[in-house]
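The following exercises concern domain division, interfaces, helix packing and backbone geometry. Each task is followed by a solution in steps.

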Amino acid sequence: MNEKLYLDAEVELEQVYSKPKSLTDVPFHYCPGCGHSVVHKVLMEVVDELGIQEDLIGVAPVGCSVFAYHYMNVDMQEAAHGRASAVATGIKRVLPDKLVFSYQGDGDLAAIGTAETIHTINRGENILMIFINNGIYGMTGGQMAPTSLIGQITSTTPYGRSAAQIGNPIKISDLISLLPGAYYVTRQAVYNPNAVRKLKKALIKSIEYQKQKKGTCFIEVVSNCPSGWKMTPVESIKFLEEQMIHTYPLGDLKVPQN
Amino acid sequence: MEKEIKTEEARLMKGNEALAEAAIRADIDAYFGYPITPQSEVIEYLTREVPNRKDKKTVVLQAESEVASINMVYGAAGAGARVMTSSSSPGISLMQEGISYIAAAELPCLVVNVVRGGPGLGTIQPSQSDYFQATKGGGHGDYHLIVLAPASVQEMADFVFEAFRLAEKYRNPVMILSDGALGQMMEKVILPKDGSLSKTAKPWATTGKTKDRDHNIITSLFIQPEEMEKVNLHLQEKYKVIQSEVRYEEIQTEDAEILLVAFGLSARICQKTVDLAREKGIKVGLLRPITLYPFPYERLKELSNQVEFMLDVEMNAGQMVEDVRLSVEGKVPVHFIGRMGGMILSPEDVLNKIESIHESQNAVNA
């Protein structure tokens, strides 16, 4: 981190920031303002700081983060839609001393993969599940997610999501907190530097718990989708602060009882 | 010496249990499955026996569904494990998406289908109605499994070893296509020798990125069509090589004038028909494909120069018969007899069919 950079013979600058070594040099394909890039970066910062690049195996989902394995310079597997936690279970069961995480969006984890989500956590699989909740299907073009807000306009709820017609936003983190297999459940965000710092702490804690074989750690990240929400990045942050966090309040939902 | 005798000892076992015991002896690292009749003895046997084998570290996990099972298999196979699952027809249907991903990502594993009668929820009785699904891909996209069809409890055990040999050699999923009768019936079996199936290095597996290599990625996503086409061409090249693994058994084909073609349980029935027919002076032989993919097209083509007609016998509406007809390219008539929905033909049924075809041909000739 403290390497000296020599731009020319006269000026000597100290390098104060570089991207994590565990990120590849591939440019992110994510839209400007999207939370995925920040979560990727923070996660790989944690990998660098804890020195776990050789021990970590990740599972990418189907959704916008389907190419997570292009960016995260750790061994990774690409799972079928919704099945990341089952794939992670398969990996962890045969390599119990490695660290395993899954990275999934709301459609993946909270709709098509609900059964896998609940049963993976109910077994207390000793993995980290990262859940990016941006309330929309980003990759397929902005359709309703199980976590879309009431009244939210999406390409499949063009008049706004109606609870009477399609149900209420599903609060997966609240649900799975009830399961004894869930060791640590927290809801974080990445919409300002303070939130990013808190997410990083949660990630570090989760890795430590996994090393101690404590059970499933589950981190929901309330995120934004400027393209899917049809907003500018700034507008999307405002929507997140004013609307998303109202439905999905940030903070720990389950902490270890020691 | 005493140990040697012990491993060679004959046991009386159910097909499903012999298969499960063979899996333990093949040193599987993991089994993921979900109960379904008529194959539940596989997971029952493994959950009962594995904890008693102190030398084994086999993971046995009852998943929440067949969908979860096959994706656990994907994860474990991608992490370099020797891994398998088993199910019966409706459960195998649920696994198709995962099997397609496994074939595309070129992961070695074993999927056992103890077939029951369908379609739909069907029946729990034996059937061969999943032939198309097993041999033509089953899920989406252009891919093939290697398919082994046992015809005895002995082969239920032996083919586990054979399946992993082939799966690991070609990085391809292998299916054992059995049926409810082979799974449930008890026969004498000499079990394969414990620990005799060696393991090879899998440098492509996601076991944690080491400093001396790039990160390993297990995926089936190739968004650029040029790249996806290359992946497909590579798979098709592999399937061409796999054709050399074709296996079949011939019974009294040397002088046969009529050829029965049948796999699995139907071949057991036809074996008796061959004897019955020969007692009556009718020269009948039997070709039993052991690998259903690759299929013995070439051998059947050769035999079409020798026989008057072929009779394909299956416990379905006529599935393999399409491959038999492809083999002979119209040179000889290929007839079919089958029963569906869990019903089984008798050797006499098959003999009667042979005689009626014979008579009608003679009538035409006269």
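**Exercise 1.** Into which domains is chain B divided?

*Solution.* This is a predicted model, in which local features need pLDDT of at least 70 and side-chain atom pairs count only at pLDDT 80 or more, while totals for chains, interfaces and linings use all residues. Residues are numbered from 1 along each chain as its sequence is written, chains are lettered from A and ligands numbered from 1 in the order in which they are written, and side-chain values use heavy atoms, with hydrogens and water left out.

Step 1. Chain B consists of domain 1 (11-244) and domain 2 (249-365); such bounds come from an automatic or database domain assignment.

Step 2. Between the C-alpha centres of these two domains of chain B the distance is 29 Å. Their contact (heavy atoms within 4.5 Å) draws on 32 residues of domain 1 and 26 residues of domain 2.

**Exercise 2.** State how much area the two domains of chain B bury, and then treat chains B and A in that manner.

*Solution.* Step 1. Buried area is the accessible area (1.4 Å probe) that two parts lose on being put together, summed over both. For domain 1 and domain 2 of chain B it is about 2300 Å², with 55% on carbon and sulfur atoms.

Step 2. On the domain 1 side, B:Gln128, B:Tyr131 and B:Phe132 lose the most area to domain 2, together 31% of what that side buries.

Step 3. Chain B and chain A bury about 2600 Å² between them, 59% of it on carbon and sulfur atoms. To this contact chain B gives 33 residues and chain A gives 32.

Step 4. Within chain B, the residues losing the most area to chain A are B:Glu64, B:Lys209 and B:His215, which together make up 22% of what that side buries.

**Exercise 3.** Describe the packing of α2(B) against α7(B), and of α3(A) against α4(B).

*Solution.* Step 1. Helices are DSSP runs (H or I, at least four residues) and strands likewise (E, at least two), numbered from the N terminus. Axes are lines fitted to C-alpha atoms, for helices over the stretch in contact, and angles run from 0 to 180 degrees between N-to-C directions.

Step 2. Helix α2 (residues 15-25) and helix α7 (residues 153-170), both of chain B, pack at about 25 degrees with axes 8 Å apart. α2(B) is therefore roughly parallel to α7(B), as angles under 35 degrees count as roughly parallel, over 145 as roughly antiparallel, 65 to 115 as roughly perpendicular and the rest as oblique.

Step 3. The residues in contact include B:Leu19 of α2(B) and B:Phe161 of α7(B).

Step 4. Helix α3 (residues 84-94) of chain A and helix α4 (residues 66-78) of chain B pack at an angle of about 50 degrees, their axes 6 Å apart. α3(A) and α4(B) are therefore oblique to each other.

Step 5. Among the residues that meet here are A:Ile91 in α3(A) and B:Met72 in α4(B).

**Exercise 4.** Which peptide bond is cis, with omega near 0 degrees, and where does B:Asp27 lie?

*Solution.* Step 1. The bond from B:Tyr293 to B:Pro294 is cis, with omega near 0 degrees. B:Pro294 belongs to the loop between β13 (291-293) and α11 (297-303) of chain B.

Step 2. A cis peptide bond also joins B:Thr37 and B:Pro38, with omega about 10 degrees. B:Pro38 is placed in the loop between β2 (30-33) and α3 (41-49) of chain B.

Step 3. B:Asp27 lies in the loop between α2 and β2 of chain B. Although not a glycine, B:Asp27 has a positive phi of about 55 degrees.
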